[in-house]
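The following exercises concern the geometry and packing of a single protein chain. Each task is followed by a solution that proceeds step by step.

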Amino acid sequence: MNTQKKNGQNMLQWVIPTVVLVVVILFTLTSYKADILTKEKNKKIDEYSSKAREISDYYSSEVYMIGQVARMLATRLSYDHDYFCDENVNILTSAVTQLNIDNGYVLRSDGMVMNDSGVEARDLSSATNGDLTDDTGNIDEYIINSNGDCVHYVSASFAEGSLILKYTPKNISDLEMFLNSNSKTSTYLLLGSDGKILDSAGQESKVFKEGDSLFDYLDGANYNGVTKKDEFFRNLEQQTKGKSLITNKDGVTKYFIYQPVGDYKTFIMIIVDEDQVSQAAQKSIASTNTMFWKIVILILIFVAILIIISLINATNYRKANRELREQAETDLLTDLYNKVATETKIKEYLENEGKNKKAIMFVLDIDNFKKINDTMGHAFGDEVLSTLGHQLKSEFRINDIIGRTGGDEFIILLKDLKDDAALRREATRVETFFRNFKVGEYTKYSATASIGAVEIPSDGTEFEVLYKAADKALYVAKKRGKNQMVFYKDTKDIKIEPEKPILKVVEESPKPEPEKTEAKKEESPIPAVVETVKKEEPAVEAKPEVKVESAVEAKPVVKSEPVKAAVSAPKKVMPDKPAVSEPVKKAEPVSAEGQSQKKVVKKVVKKVVVKKVVKKAPDAASDASVKPAQPVKPVSPVSEKPSVKTEEPDKKESTDSKDQGSDKFSFFS
């Protein structure tokens, strides 16, 4: 888990910066695109504002030109004392004809009015059919006349009166040079300061009829964007240009772009849908959008390639890691789990999914496996293990845990058994498997096994407890004769005592001394070394004879008188019981001729080798009967010398020495 976590962290170290970089790039591109779109929208709105200003300038210039003509005519009329004379009538008629003016009026200070036809009227209201009143409040303003047409009256004052010219401005729909194709997607209004619609053209000209109020159309609308409702009305009142984003009662959001027409309390207003502005802006930045999407696609392809490479690397890594983990967990000879993996998986099962579930675990040992290796060879022993491992793997379920935990030791854990009947059935299955198990391609060899079984959870829920219990059952199975299965529950009352060590007698060879010419040279006895070993072997019965051999060449045999010593018979140790260790008594001095005979360890030396076997301590009565032939000084024990194991004396050599006589030593090289 630590390795996987570390690898995950290493991957995140470059994945996170890459993802962050991609997100930053996409965010930057999106923001840039949004900024470009916003600028393009504002550009389109500015285009509509420019168009409104152009139309406003056209109407303003018309009014201004007619106003200039009115002032010149007023100056000319002021030269005559009779303002209603025929000459002034001719001047008005000529101006109306040449300037495309509808009518001309001369207003005297007494209120009398004369038109360009010379017809006099008592007041302006009578002369203009109710368009103008005596207070001249509608002069210099676009108004709707009695016939429903938009007209404009321009006045110029002189000494005792004023000159008034009436003309009808061109309809907005006739201003093709200003409208172009925008008339199909927007609406143009000639609007009075009081909100009355004087003229309309464009997409919704039928909705905005002449004489209607714009404020009635905007009743219940939502004002947002650049200006609010109060700002909108204030701008109209103060003759200020502006733009407003207004959502009408039908839920359609529109831009209202307005421009005042001079100082004549009149506006040119262009109304266009917000969606239309956005579409126009999108169309204008089509190349930018194309480039944006190309970059986005390239980034997505790059990210996709990174993801694919990451997935491939992760898959390859997981595969390699799984293979390495399997190799680390697998026993190469048997293709089963090794010891560490077996224990780990059993512990994980017992701690997690195996809680409160029945299972059975077997610990088995192949019988006489050492004998198989010694008699049939290690290659055949490996074949036994390999065949057993592969057959066990194919015999049981894939989710069962089967492993080799030692040289010829195996563990089998059968998971998730339903009841006790299933436990017994699986135990019988395992036992039957080993009864039918055979190895060998040509000659079939029946290899048996001793099996210890434990039940889970009745015998324990921890691996160490279960393993010890199964190992005890396995030991009992071996003691009962092997080739059988024993359950731990059947061995709970059996006490297993550890084997007692036996005494293994070994002796040391003394340093050889130069041979003396004296016939009666006494040899010093050699103390024995006692070695404790744990082995079921019967103690060797020592005989009270010592065979002394010399390898000295070209020297006469030294004879010595035989010494008879009465030695009591030692106790025999039964082969099936270990010998009891007893303290070794101080060696009795005996003559060289009375020493025990034994097998001599072959060693090429040219000096006398003396061997002695220390027997088991005799009884006190026996000790009294031993009579040394000659007194021999005891030799202190030699420490830390090479030891020689005790072996049975060679009977043949003993016989030969008897034939030669008791007064001779046997020599050989």
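**Exercise 1.** Determine which residue forms a salt bridge with Arg397, and classify both partners by accessibility.

*Solution.* The model is a predicted one, and the steps below are to be read accordingly.
- Step 1. The partner of Arg397 is Asp400, and the closest N and O atoms of the pair are 2.8 Å apart. This separation satisfies the 4 Å cut-off for a salt bridge.
- Step 2. Arg397 has a relative accessible area of 37%, so Arg397 is partly exposed.
- Step 3. Asp400 has a relative accessibility of 6% and therefore counts as buried, since the limit for a buried residue is under 20%.

**Exercise 2.** Examine the salt bridge between Asp46 and Lys243: where do the two residues lie, and how many residues apart are they?

*Solution.*
- Step 1. The side chains of Asp46 and Lys243 meet at 3.9 Å, N to O.
- Step 2. Asp46 belongs to helix α1 and Lys243 to strand β10 (residues 242-247). The two are 197 residues apart, and the pair links distant parts of the chain.
- Step 3. Asp46 counts as partly exposed because its relative accessibility is 41%. Lys243 is likewise classed as partly exposed, at 23%.

**Exercise 3.** Carry out the corresponding analysis for Glu395 and Arg429, then state the count of salt bridges.

*Solution.*
- Step 1. A salt bridge joins the side chains of Glu395 and Arg429, with an N to O distance of 3.3 Å.
- Step 2. Glu395 is in helix α11 and Arg429 is in helix α12 (residues 420-435); the pair therefore ties together parts that are 34 residues apart in sequence.
- Step 3. The relative accessible area of Glu395 is 31%, which makes this residue partly exposed. Arg429, at 31% relative accessibility, also counts as partly exposed.
- Step 4. The count comes to 22 salt bridges. In addition to the pairs treated above, Glu204, Lys254 and Asp273 are linked in a network of salt bridges.

**Exercise 4.** Test whether the end-to-end distance of helix α11 (residues 378-395) agrees or disagrees with the span expected from its number of residues.

*Solution.*
- Step 1. Helix α11 has 18 residues, and at 1.5 Å a residue the expected span is 26 Å. The factor is applied to one less than the number of residues.
- Step 2. The end C-alpha atoms of α11 are 25 Å apart, which agrees with the expectation.
- Step 3. The buried residues of this helix are Phe380, Gly381, Val384, Leu385, Leu388, Gly389 and Leu392. Residues three or four places apart in an α-helix point the same way, because there are 3.6 residues a turn.

**Exercise 5.** Describe the packing of helix α9 (residues 339-351) against helix α13 (residues 463-479).

*Solution.*
- Step 1. Two packed helices are described by the angle and the distance between their axes.
- Step 2. For α9 and α13, the axes come within 10 Å and cross at roughly 115°.
- Step 3. Helix α9 contributes Glu343, Ile346, Lys347 and Leu350 to the contact, while α13 contributes Phe463, Glu464 and Leu466.
- Step 4. Sorted by character, the contact residues comprise four nonpolar, three charged and no polar ones.

**Exercise 6.** Identify which members of the largest nonpolar core touch the most other members, and which element gives the most residues to this core.

*Solution.*
- Step 1. The core has 46 residues, of which Tyr59, Val106, Tyr142, Leu163, Leu165 and Leu190 touch the most other members.
- Step 2. Elements supplying at least two residues each include α1 (2-77), α2 (86-98), β5 (150-158) and β6 (161-167). The most come from α1, with 13 residues.
- Step 3. A second, separate core of 32 residues includes Phe362, Leu392, Phe437 and Ala453.

**Exercise 7.** Locate the backbone features at Pro457, Lys265 and Asp416.

*Solution.*
- Step 1. The peptide bond joining Ile456 and Pro457 is cis, with omega about 10°. Pro457 is in the loop between β18 (449-456) and α13.
- Step 2. Lys265 is not a glycine, yet has a positive phi of about 55°. Lys265 is placed in the loop between β11 and β12 and, with a relative accessible area of 47%, is partly exposed.
- Step 3. Asp416, also not a glycine, has a positive phi of about 50°. Asp416 lies in strand β15 (residues 409-417) and is partly exposed at 32%.

Technical notes: Residues are numbered from 1 along each chain as its sequence is written. This is a predicted model: local features need pLDDT of at least 70, side-chain atom pairs count only at pLDDT 80 or more; totals for chains, interfaces and linings use all residues. Side-chain values use heavy atoms; hydrogens and water are left out. Axes are lines fitted to C-alpha atoms, for helices over the stretch in contact, and angles run from 0 to 180 degrees between N-to-C directions. Helices (H or I, at least four residues) and strands (E, at least two) are DSSP runs, numbered from the N terminus. Contact means heavy atoms within 4.5 Å. Ala, Val, Leu, Ile, Met, Phe, Trp, Tyr, Cys and Pro count as nonpolar, Asp, Glu, Lys and Arg as charged, and the others, Gly among them, as polar. Buried means under 20% relative accessible area, exposed over 50%, partly exposed in between (1.4 Å probe, protein chains only). A nonpolar core is a set of buried Ala, Val, Leu, Ile, Met, Phe, Trp, Tyr and Cys residues joined through side-chain atoms within 4.5 Å.
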